[in-house]
Every structure is written in C-alpha cells, then in structure tokens.
Amino acid sequence: MASGGMGCRPMLVLLPPSEGKAVPETGEPVDLNSLAFASELGERREELLRALDPQLRETPAAPAAEVYTGVLFQRLELPRLPAKARQRVLIASALWGVVRPDDRIPYYKLPPKQKLKGIGPLAKYWRPALAEALPDEEGELIVDMRSGAYSTMWKPKRATLLAVRAFTEVKGERKAVSHMAKAVRGDVARVLLEAKRAPADPEGAVEIVKSVGLTVELNDGNLDVIV
C-alpha cells in the first residue's frame with residue numbers, strides 16, 4: 001500500500017466530491033505538501049492548478065469535509081464523525097485526485113469532464129498516479145460511493161470494491177434512482193463509518209446496513225439499497 005497516512009484497516013469509504021461547495025472566507029491557503037498522497041499526486045496537482053487557476057494557491061482553504069456541501073455530505077455529516085472514522089474516508093476530485101476529509105482545500109470548480117489545455121481528459125490524466133497512490137491489497141474492502149466519471153479514475157486490482165447503488169421497486173419492477181442516490185449513499189456511508197467494528201467484507205457491510213432498517217441486497221459486487 002502506498003504512503004499517504006491511511007494506515008492498515010479493513011474498510012475504506014471512497015466518496016465523490018460535490019458540485020455544491022462552501023467558500024472559505026478566512027484561513028491559510030492550500031498547502032499541497034499536507035494533502036493526502038502528496039508524494040504521488042503532488043506534481044499533477046501543481047500542473048492542474050496552473051492550468052485551471054493559479055490564484056487558487058492564494059485563496060483561503062478549509063477542511064474538505066466543510067467545503068463539500070452536496071446532498072451526500074449533508075446526510076453523511078462528516079465533520080461530526082470521530083477522527084478515527086474520518087480516517088477511513090477518501091474523497092475523489094478532478095482537481096486533487098483524492099483528499100482526506102481533514103485536508104484543507106479552497107473553493108474551486110472543475111467538472112470531471114472538463115478538458116484543460118495541455119491536460120486532456122481528467123480521468124485519464126489521474127489514472128496512473130492514483131493507481132500508484134491508493135491502497136490496493138487483498139483483504140481490503142473499499143466501499144465505493146462514486147458515480148460517473150469519478151468511478152473511471154481508479155479501480156483496485158486486488159482489494160474488494162463494493163459499489164453502492166439505489167433502486168425503487170414498484171409492482172415487482174426494479175428501477176435505478178438518481179434523485180435519491182446521493183442521499184442513500186450518504187446514509188449508508190454514515191452507518192458504516194459509525195459502526196462499532198468496520199466491516200471486513202461485503203457480507204459484513206450488508207449486515208451493518210440492514211441493522212438500521214434499510215432494505216439491502218448484495219448483487220454482483222454491488223450493495224443495492226431498495227428505497
């Protein structure tokens with residue numbers, strides 16, 4: 001497993017960022033050397049900042065858990081979780097690659113499908129660096145809340161990836177839901193991170209989520225929540 005301060009633990013929760021973000025009004029600017037996996041991802045972060053907006057190096061920064069304010073983060077309430085639980089979380093980002101909840105970042109806008117001059121497709125840009133940086137060992141469980149382009153930036157080759165999906169069921173017909181998916185993922189992430197003992201495998205994750213009254217199934221490497 002690469003460096004970056006994640007340590008050895010049975011579960012990692014991988015979140016998407018959110019379009020909704022708070023704007024830090026005070027505070028020191030981002031310190032790239034303090035961000036997760038600085039040695040593996042630092043050069044690419046520098047290059048992206050130069051291509052997107054060099055001024056972001058000077059604007060106030062705050063913990064990522066406070067900057068991201070979308071529906072998933074509202075339901076998860078990351079700042080309220082104990083530090084030990086937050087250490088099990090990484091947040092994917094088109095600008096940073098990944099950050100920890102406590103990593104201090106500025107407000108920014110960079111959709112994952114945006115193309116910057118000299119950079120090209122962002123998922124492709126990040127793929128080799130993330131493959132080097134992120135934990136990927138047999139026996140590790142990675143609960144994946146990402147969607148769309150973020151899920152193509154990195155996939156483990158050895159660790160177990162458990163994607164979380166949301167469905168409705170009407171008259172026996174099951175349909176994927178988009179309007180509630182972020183809220184569902186936030187709820188599931190909170191339940192798993194608040195558990196007294198983190199799950200070591202998909203079956204353990206299912207049991208924990210079921211214990212709070214949610215209807216859950218394990219299907220082909222996916223944790224499916226029926227709402």
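Reader: Which element gives the largest share of the lining of the largest pocket?

Author: In this predicted model, helix α3 does, with three residues of that lining. The elements giving two or more residues to the lining are α3 (71-76) and α6 (181-194).

Reader: How many residues line the largest pocket, and which of them lie nearest its centre?

Author: The lining counts 23 residues, and those nearest the centre are P17, S18, E19, Y150 and K182. By class, the lining residues divide into 12 nonpolar, five polar and six charged. The volume of this pocket is about 510 Å³.

Reader: What makes E19 and K182 count as charged, and Y150 and P17 as nonpolar?

Author: Glu and Lys belong to the charged class, whereas Tyr and Pro belong to the nonpolar class. S18 is therefore polar, since Ser is in neither of those two classes.

Reader: Why is the second largest cavity called a cavity and not a pocket?

Author: A cavity is a set of points where a 1.4 Å probe fits but cannot get out, whereas a pocket is an open set. The second largest cavity has a volume of about 30 Å³, and the structure holds two cavities of 30 Å³ or more. Its lining consists of L14, A92, G97, V98, L130, L134, R146, Y150, M153 and W154. These divide into eight nonpolar, one polar and one charged. The polar one is G97, because Gly counts as polar, and the charged one is R146, because Arg counts as charged.

Reader: What makes strand β10 mostly covered?

Author: Five of the five residues of β10 (residues 222-226) are buried, and the term buried requires under 20% relative accessible area. N222, D224 and I226 point one way from the strand, and L223 and V225 the other way. In a regular strand the side chains alternate between the two faces of the sheet.

Reader: How do you know that β10 pairs with β7 and with β9?

Author: Pairing requires at least two bridges between two strands. Five bridges join β7 (residues 160-170) to β10, and five join β9 (residues 215-219) to β10, so each count meets the cut-off. The direction is parallel for β7 and β10, but antiparallel for β9 and β10. On the β7 side, V164 stands opposite L223; on the β9 side, N219 stands opposite N222.

Reader: Which residue in the hairpin of β9 and β10 takes a positive phi?

Author: D220 does, with a phi near 50°, in a hairpin that has two residues between the strands.

Notes
Residues numbered from 1 in each chain as written. Predicted model: local features only at pLDDT ≥ 70, side-chain atom pairs only at ≥ 80, totals over all residues. Heavy atoms only, no water. Buried < 20%, exposed > 50% of the residue type's maximum accessible area, 1.4 Å probe, protein only. Helix = DSSP H or I, 4+ residues; strand = E, 2+ residues; numbered from the N terminus. 1 Å grid on protein atoms, 1.4 Å probe; cavity = no way out; pocket = protein on both sides within 12 Å on 5 of 7 lines; lining within 4 Å. Points joined across faces, edges and corners; volume = space filled by probe spheres on them.
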